[in-house]
Amino acid sequence: MASQALLPPDPPLELQRDVQRKLGRCLLRLQQYEILLKALVAHSDLAGSPTELQAVRDAQVASAQKKTLGTLVGMLTERHLALADDCDSAEAPPQDNSSLWFQFRFRVQLDASQHQVTTAALKELVDLRNELVHHFLQRFNIWEHQGCIDADAYLDASYETIDGHYVTLRGWVQGMEEARSYMAAFMKTAAFEDLLVNGIAPDGSVDWLASGAVRCLREAEFQFTADGWTQLNTATSWIRAAHPDQNPQRYGCGSWRQIIHESQQFEIRRVQNKEQGCGEVWYRSRQEENGMQRKISP
């Protein structure tokens with residue numbers, strides 16, 4: 001008789017089935033949330049050279065798959081939710097300026113109040129998930145009528161909370177995907193090619209250190225330097241033949257001498273050619289701060 005008392009009474013079947021269905025609905029929505037969160041964490045910060053990016057992405061996807069919901073939420077709040085007035089600096093690129101390096105970074109900017117509320121709500125979501133997975137039957141006796149009634153109400157409220165988080169996260173992921181699409185479309189344009197190859201931004205400003213013009217002047221310097229200096233006419237004649245797409249007008253300049261002046265990457269001097277009775281312009285890469293001449297390379 002004592003052993004029979006340990007057995008649960010016959011359950012109120014219809015009520016219990018509703019509880020089971022609603023518990024399953026909550027857990028399925030949590031899994032959908034977790035899948036989206038893994039995608040956001042894995043794809044919202046990618047950096048590396050063009051040859052490395054796919055491997056970096058694959059490694060981050062694999063790493064995210066092994067994380068628990070609590071760990072993923074921690075990564076979301078620490079790395080991907082930013083205060084609106086924060087200046088989140090990008091990862092420093094390699095020091096070797098000759099190699100291409102890309103970074104895609106997506107952040108959700110919130111004001112201080114929103115950030116505090118969102119962080120607290122995400123912690124509550126993790127606690128709710130643990131309650132549903134590990135402690136639901138300890139909290140509700142679904143073999144009794146009142147236990148089923150209480151559990152049913154709790155699961156309705158829980159689903160509303162989980163679904164609200166899911167809708168918010170889906171909006172963030174959609175924003176990330178839109179940003180990735182815009183970036184991919186821009187990378188197919190002539191403006192991106194000009195930015196990448198020539199250092200010319202869409203607004204017309206020039207990153208001279210990354211510009212094709214400076215790169216060509218350095219190549220010519222490597223080939224034609226004499227006693228550490230290169231004759232500008234010799235260099236520009238070679239550039240016109242070897243790189244006909246590179247010209248001062250492309251950079252908003254009227255001459256190669258203006259490019260040298262605007263870029264501030266070279267020293268320049270004027271030498272009188274007594275045999276020809278005319279002046280010549282020579283240039284060289286700027287000296288390093290320690291007085292040693294910069295190594296010239298193509």
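Axes here are lines fitted to C-alpha atoms, for helices over the stretch in contact, with angles running from 0 to 180 degrees between N-to-C directions. This is a predicted model, where local features need pLDDT of at least 70 and side-chain atom pairs pLDDT 80 or more, while totals for chains, interfaces and linings use all residues. Residue numbers start from 1 along each chain as its sequence is written, and side-chain values use heavy atoms, leaving out hydrogens and water.

**View 1. Helix α10 against helix α11.** Helices are DSSP runs of H or I, at least four residues, numbered from the N terminus. The axes of α10 (residues 232–242) and α11 (residues 256–263) come within 11 Å and cross at roughly 105 degrees. So α10 sits roughly perpendicular to α11 (that label covers 65 to 115 degrees). Contact (heavy atoms within 4.5 Å) joins L232, T236 and I239 of α10 to W256, R257 and I260 of α11.

**View 2. The largest nonpolar core.** Such a core is a set of buried Ala, Val, Leu, Ile, Met, Phe, Trp, Tyr and Cys residues joined through side-chain atoms within 4.5 Å; buried means under 20% relative accessible area with a 1.4 Å probe, protein chains only. This one has 38 residues, and Y33, L37, L76, L132, F136, L155 and L169 have the most contacts inside it. Helix α7 (145–186) is among the elements giving two or more residues, and its 11 residues are the largest share.

**View 3. Around L169.** Leaving aside residues up to four places away in sequence, L169 touches Y33, L36, L37 and L40.

**View 4. A second core.** This separate core of 19 residues includes C216, W256, I259 and V281.

Note on methods. Parallel < 35°, antiparallel > 145°, perpendicular 65-115°, else oblique. Buried < 20%, exposed > 50% of the residue type's maximum accessible area, 1.4 Å probe, protein only.
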